[in-house]
Every structure is written in structure tokens, then in C-alpha cells.
Amino acid sequence: ELDRAQRAPADGSLTAQIIRTKRHLRFHDLGREYQPAGYSPIMFGSARQSASWLGVPLLVGDGSVVGVMAVMSYTPGLYGERELAFM
């Protein structure tokens, strides 16, 4: 079994930021927005980069973060307040 340190997200990653701040992150065009904001998204799967990106912390009763849920799309500007409220 992996210990907690081995499962920690990479420093500077979008997931690490969400866990640290306990707040959502949303990008309308990830490719243009992540570097100026100081993030280092980790790409996996397709060689094609996501445009829209929305991630939220998964919180338990005491306010601890137990994970992050994220959605991505190749279409820029796809996620707004409605999608954030849903997640």
C-alpha cells in the first residue's frame, strides 16, 4: 500500500493548489492561463491539451479535503457558474 507522501500531488499542480486552498480552480483556456497563474498542470492520456478546466475540492464534515474532482474539455470557455454550482 502507498503511504500518503507517495500519493501527494506534484508541487505547483492544479490539484495541489485546490487541496492547499480548499477552493475551486477554473480555466476558460488552460493553455493560455496556467503559466501566468504559476501552475504546472500534469498532462496525461491524449497528446491533445484540454482548454476548459474546472476542479473542486471534495470536503468531508470537518473541512478536510479527501480528494479533487475535475472536468476538462477541448472546447474553451465551456464551464461557468452553473457548472461550478453543480460540482
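Which backbone oxygen lies 2.5 Å from a polar atom of the side chain of S52? It belongs to T75. Keep in mind that this is a predicted model, then take a look at the close-ups below.

**View 1. S52 and the residues around it.** Let's start with the serine from the opening question. S52 sits in strand 2, which covers residues 52-59. S52 counts as buried because its relative accessibility is 0%, and the cut-off for buried is under 20%. Its side chain has a polar atom 2.5 Å from the backbone oxygen of T75, and that side chain also reaches the backbone nitrogen of L78 at 2.8 Å. Leaving aside residues up to four places away in sequence, S52 touches a whole list of others, including F27, H28, V71, M72, S73 and Y79. T75 and L78 are on that list as well, and so are P76 and G77.

**View 2. Strand 2 and its two partners.** Now zoom out to the strand that holds S52. Strand 2 is mostly covered, with six of its eight residues buried. Strand 1 (residues 25-27) is joined to strand 2 by three bridges, and the two run antiparallel. Look for F27 here: its bridge partner in strand 2 is W53. Strand 3 (residues 65-73) runs antiparallel to strand 2 too, with eight bridges joining the pair. To spot this pairing, find P57, which stands opposite V68 in strand 3.

**View 3. The hairpin between strand 2 and strand 3.** Here's the turnaround. Five residues lie between the strands in this hairpin. Check out G63, which takes a positive phi near 90°.

**View 4. A nonpolar patch on the surface.** Four residues are the stars here: L58, V60, V66 and M69 make a nonpolar surface patch of about 310 Å². One of them, V66, is found in strand 3. Is V66 buried or exposed? V66 counts as exposed, because its relative accessibility is 57% and the cut-off for exposed is over 50%.

**View 5. K22 in its loop.** Last stop: the loop between helix 2 (14-21) and strand 1, where you'll find K22. Phi of K22 is near 60°, so here's a positive value in a residue other than glycine. K22 counts as partly exposed because its relative accessibility is 44%, which falls between the cut-offs of 20% and 50%.

Key. Residues numbered from 1 in each chain as written. Predicted model: local features only at pLDDT ≥ 70, side-chain atom pairs only at ≥ 80, totals over all residues. Heavy atoms only, no water. Helix = DSSP H or I, 4+ residues; strand = E, 2+ residues; numbered from the N terminus. Buried < 20%, exposed > 50% of the residue type's maximum accessible area, 1.4 Å probe, protein only. Polar contact = N/O pair within 3.5 Å; in protein donor to acceptor, adjacent residues only side chain to side chain. Contact = heavy atoms within 4.5 Å. Pairing = 2+ DSSP bridges. Patch = residues over 30% accessible without salt bridge, like charges linked within 9 Å, V, L, I, M, F, W, Y side chains within 5 Å. Areas by Shrake-Rupley, 256 points an atom, 1.4 Å probe, with all protein chains shown as cover. Salt bridge = Lys/Arg side-chain N within 4 Å of Asp/Glu carboxyl O.
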